[in-house]
Amino acid sequence: MSEISTKPYMLRAIYEWCTDSGYTPYLAVKVDSRTTVPMEYVKKGEIVLNISFGATSGLKMDNDAIRFHARFGGVSREIYVPVDNVMAIYANENGQGMAFEPVLGNDDPDAQPTDSPASADVPPPAIAPVSSAPTLSSVPTSSPEQRDSATPGDDEPPKKGGRPTLTRIK
């Protein structure tokens with residue numbers, strides 16, 4: 001039995017997160033003969049599409065393709081994007097989302113299928129796979145003696161209010 005791809009499920013999840021958060025979801029797509037998009041907007045074999053509720057009509061995200069109607073220059077166009085051709089989905093406002101290696105059809109015989117996410121934070125629209133992803137590691141714990149010799153004020157709880165921050169430890 002063949003394994004079911006996680007990519008369409010991840011695309012739908014990121015789309016839902018974007019809309020629930022009030023962000024505008026964008027798709028970066030590799031264009032080939034299987035893709036139906038306005039070719040006058042394609043640059044270097046790629047196109048970026050706004051797939052928000054207000055920009056699309058009849059959006060349907062299936063396991064094999066994404067279909068919808070959208071206006072380009074005031075003209076309604078039918079859009080068809082195979083899930084394999086999606087390179088990324090991200091929030092336009094902050095660039096957060098997920099990038100994928102596109103799986104190309106017969107147009108590119110050297111293409112190698114993959115279904116793994118390449119990055120969690122994708123800056124729009126320059127999307128490039130990350131060569132080495134960061135890894136998780138544990139933070140060393142301190143002994144009670146080290147905690148006692150710590151600088152005064154280290155025991156104080158964090159200040160309340162304001163926006164929480166995340167500190168990346170390398």
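Q: Which residues touch the most other members in the largest nonpolar core of this predicted model?
A: This model is predicted. Its largest nonpolar core has 25 residues. Seven names stand out by touching the most other members: Leu 11, Leu 27, Val 37, Leu 49, Ile 66, Val 81 and Ile 89.

Q: Which elements each supply at least two residues of this core?
A: One helix is on the list, H1 (7-20). The others are strands, and strand E7 (96-100) is one of them. The full list is H1, E1, E2, E4, E5, E6 and E7.

Q: How many residues does the other core have, the one that lies apart from the largest?
A: Tyr 26, Met 87, Ala 88 and Tyr 90 are among its members. Nonpolar side chains tend to be buried together in soluble globular proteins. This separate core has six residues.

Q: Which residue of E5 stands opposite Ile 66?
A: Strand E4 (residues 65-72) pairs with E5 in the antiparallel sense, over eight bridges. Ile 66 touches several residues beyond four places in sequence, including Leu 11, Leu 27, Ile 79 and Val 81. The residue of E5 opposite Ile 66 is Val 81.

Q: In what order do the strands of the open three-stranded sheet stand?
A: The pairing in this open sheet is antiparallel. E3 and E5 (75-82) stand at the edges, each with a single partner strand, so one side of each has no neighbour in the sheet. Neighbouring strands here are turned by 15 degrees against each other on average, direction ignored. The order is E3-E4-E5.

Q: Why is strand E1 described as largely enclosed by the rest of the structure?
A: E1 covers residues 25-30. Buried means under 20% relative accessible area. E1 is largely enclosed because its buried residues number five of the six.

Q: Which residue of E2 stands opposite Tyr 26?
A: E1 pairs with strand E6 (residues 86-91) in the antiparallel sense, over five bridges. E1 also pairs with strand E2 (residues 46-50), again antiparallel and over five bridges. In E6, Tyr 26 stands opposite Tyr 90. In E2, the residue opposite Tyr 26 is Asn 50.

Q: Is Ser 52 buried or exposed?
A: Ser 52 lies in the loop between E2 and strand E3 (56-61). Leaving aside neighbours within four places in sequence, Ser 52 is in contact with Tyr 15, Thr 24 and Pro 25. Its relative accessibility is 15%, and so Ser 52 counts as buried.

Q: What is the relative accessible area of Lys 44?
A: Lys 44 lies in the loop between E1 and E2. Its phi is near 55 degrees, a positive value in a residue other than glycine. Exposed means over 50% relative accessible area. Lys 44 is exposed, at 81%.

Q: How many aromatic pairs does a search of the whole structure find, and what is the angle between the planes of Trp 17 and Tyr 23?
A: The search finds three aromatic pairs. Trp 17 and Tyr 23 form one that is tilted, 5.4 Å centre to centre. Trp 17 counts as partly exposed at 32% relative accessibility, and Tyr 23 counts as partly exposed at 27%. The angle between their planes is 55 degrees.

Q: How many residues apart are Tyr 41 and Phe 72?
A: Tyr 41 and Phe 72 form a tilted aromatic pair, 5.2 Å centre to centre with 45 degrees between the planes. The pair links distant parts of the chain: Tyr 41 is in the loop between E1 and E2, and Phe 72 is in strand E4. Tyr 41 is partly exposed at 39% relative accessible area, whereas Phe 72 counts as buried at 16%. In sequence, Tyr 41 and Phe 72 are 31 residues apart.

Q: In what order do the elements of the chain run from the N terminus on?
A: The secondary structure comes to two helices and eight strands. A helix begins the run, and a helix ends it. The order is α-β-β-β-β-β-β-β-β-α.

Q: What percentage of the residues in the chain are buried?
A: The chain has 170 residues. It exposes about 12000 Å², and carbon and sulfur atoms supply 52% of that area. Buried residues make up 31%.

Methods:
Residues numbered from 1 in each chain as written. Predicted model: local features only at pLDDT ≥ 70, side-chain atom pairs only at ≥ 80, totals over all residues. Heavy atoms only, no water. Buried < 20%, exposed > 50% of the residue type's maximum accessible area, 1.4 Å probe, protein only. Helix = DSSP H or I, 4+ residues; strand = E, 2+ residues; numbered from the N terminus. Pairing = 2+ DSSP bridges. Contact = heavy atoms within 4.5 Å. Axes fitted to C-alpha atoms, helices over the stretch in contact; angles between N-to-C directions. Core = buried A, V, L, I, M, F, W, Y, C linked by side-chain atoms within 4.5 Å. Areas by Shrake-Rupley, 256 points an atom, 1.4 Å probe, with all protein chains shown as cover. Phe/Tyr/Trp six-rings, centres within 6.5 Å; stacked < 30°, edge-to-face > 60°.
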